[in-house]
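Work through the exercises below with the sequence and the coordinates open beside you. Each task is followed by a solution that goes step by step.

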2 protein chains.
Amino acid sequence: MRRTDDTTAKHRAILEAAARLICKQGYEGTSIQEIADACGLTKAGLYHHIESKEQLLVEIMNYGMDVFEERVLSEVEHIPDPVERLKACMARNIKLVTRGWSKEVTIILHEHDTLTGKSQAHINGRKKRYVRFLESSFSEAVERQLIRPVDPTVAAFAFLGMVLWIYKWFKPGGKRTDDEVAAGMVDLLFTGLQRVPPS
Amino acid sequence: MRRTDDTTAKHRAILEAAARLICKQGYEGTSIQEIADACGLTKAGLYHHIESKEQLLVEIMNYGMDVFEERVLSEVEHIPDPVERLKACMARNIKLVTRGWSKEVTIILHEHDTLTGKSQAHINGRKKRYVRFLESSFSEAVERQLIRPVDPTVAAFAFLGMVLWIYKWFKPGGKRTDDEVAAGMVDLLFTGLQRVPPS
């Protein structure tokens, strides 16, 4: 679906406002009227942009996955060295979580199992694509003997846990910048905690 | 608060049933009547056990933290070697997530920011105590030169992300046992991905 920049910005603002409200009050506890109010629209005006409350949730998740694929996946998937690919991916994904969108978009994407049927299958499919990309990158790194032989699935979910848990604790403007957190996480996973033996 | 075993089991069953319902329908979307029905109690019967819906949420979280402290923290905090302490802690915490309680207890503990005021401060304090324990164990390991010098806070949250994200993807009875996942995660964080140079 192609939109003009203006429509996209307006639409994005609606999705961000709805995400904030749904996170605060819960999906069941949020009415379309309240979302319209938060967007400065009438209910009819909001329905011009969205079909239903469930459709809005689908759109927030698809918006999250669109931004993720644009800023993270498509920027790194063609890096030939699988270790460099994974490191760049981790750093970019961390910065997406800390500054690419609102914390509420991360929450909706990862904490809301409200969708059912086709919508749920579609979003889960997009998430699974990312897991498969991580697994195959770890596999490739093991096969090319660039890293120790590890279970690619466990490594993929360790990677995801390290990256995605960040929205729970990271405070912008705190002691550490997100660049420092990203560098620290990449170093932890790829170099590990083992002391380098004195040479 | 001391309870007889019978009361504890009954109380625990109520908390688990309420957790399942709240996760499915949302906190706002779940009534006390529905929770009573799920427990096979009348509303009055349920109020014999709990004061209010918010108090129930507090109790689910405190129950989660009680079980965590009993099965994980108190079992490992006296291990003298900080690396062994952290490894044992990670393996135990993973198995708490995979089999110690329902997935819904993990979700309520980590996804629900519904509490306010004193209750929220109390639960957050209990969670923070765990973060401090991890940070000080990583610090101690760095000071004693048992691991590379890393930022203890970043290491603590990497640890937590790896452990707690597991409820999102681990399926009991799947390809990997939780023992394998626990061993894999400990190995990943503490040995890292670097290839061991041929000796």
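Helices here are DSSP runs of H or I with at least four residues, strands are runs of E with at least two, and both are numbered from the N terminus. The model is a predicted one.

**Exercise 1. Determine how many helices and strands chain A has, and in what order its elements run.**

Solution. Counting the runs gives 10 helices and zero strands for chain A. Read from the N terminus on, the elements of chain A are therefore written α-α-α-α-α-α-α-α-α-α under that definition of a helix. As to extent, the C-alpha atoms of chain A fill a box of roughly 70 × 40 × 30 Å along the principal axes. Of the 199 residues of chain A, 34% count as buried, and residues 24 or more positions apart account for 64% of the contacts in chain A with a separation of 6 or more.

**Exercise 2. Find the rotation that superposes chain B on chain A, and state how the two copies are related.**

Solution. The superposition needs a rotation of 180 degrees with 0.0 Å of shift along its axis, and it leaves an RMSD of 0.0 Å. The two copies are thus related as by a two-fold rotation axis. Among the residues of chain B, Gly192(B) comes closest to this axis, its C-alpha lying at 1.7 Å. The same surface serves both copies, since 100% of the contact residues of chain B recur in chain A.

**Exercise 3. Describe the side of chain B that touches chain A: which helices supply at least two residues each, and what classes of residue does it have?**

Solution. Begin with the count, which is 33 residues of chain B in contact with 33 residues of chain A. The helices α8 (152-164) and α10 (178-191) of chain B each supply at least two residues of this side, and the largest share, eight residues, comes from α8(B). Sorted by class, this side of chain B has 19 nonpolar, nine polar and five charged residues.

**Exercise 4. Check the length of α8(B) against its expected span, then decide whether it is largely enclosed or open.**

Solution. At 1.5 Å a residue, the 13 residues of α8(B) should span 18 Å, and the end C-alpha atoms are 18 Å apart, which agrees. For the second part, 10 of the 13 residues are buried, so α8(B) is largely enclosed by the rest of the structure; the buried residues include Ala158(B), Phe159(B) and Met162(B). Ala158(B) and Phe159(B) are also among the residues with the most contacts inside the largest nonpolar core, which has 62 residues. Leaving aside neighbours within four places in sequence, Ala158(B) is in contact with Met162(A), Met185(A), Leu188(A) and Leu189(B).

Key. Residues are numbered from 1 along each chain as its sequence is written. Chains are lettered from A and ligands numbered from 1 in the order in which they are written. This is a predicted model: local features need pLDDT of at least 70, side-chain atom pairs count only at pLDDT 80 or more; totals for chains, interfaces and linings use all residues. Two residues are in contact if their C-beta atoms, placed from the backbone, lie within 7 Å. Ala, Val, Leu, Ile, Met, Phe, Trp, Tyr, Cys and Pro count as nonpolar, Asp, Glu, Lys and Arg as charged, and the others, Gly among them, as polar. A nonpolar core is a set of buried Ala, Val, Leu, Ile, Met, Phe, Trp, Tyr and Cys residues joined through C-beta atoms within 7 Å. A residue is buried if 20 or more other C-beta atoms lie within 10 Å of its own, exposed if 12 or fewer, and partly exposed in between; C-beta atoms are placed from the backbone. Copies are superposed by least squares on the C-alpha atoms of residues with pLDDT of at least 70 in both. The expected span of a helix is 1.5 Å times one less than its number of residues.
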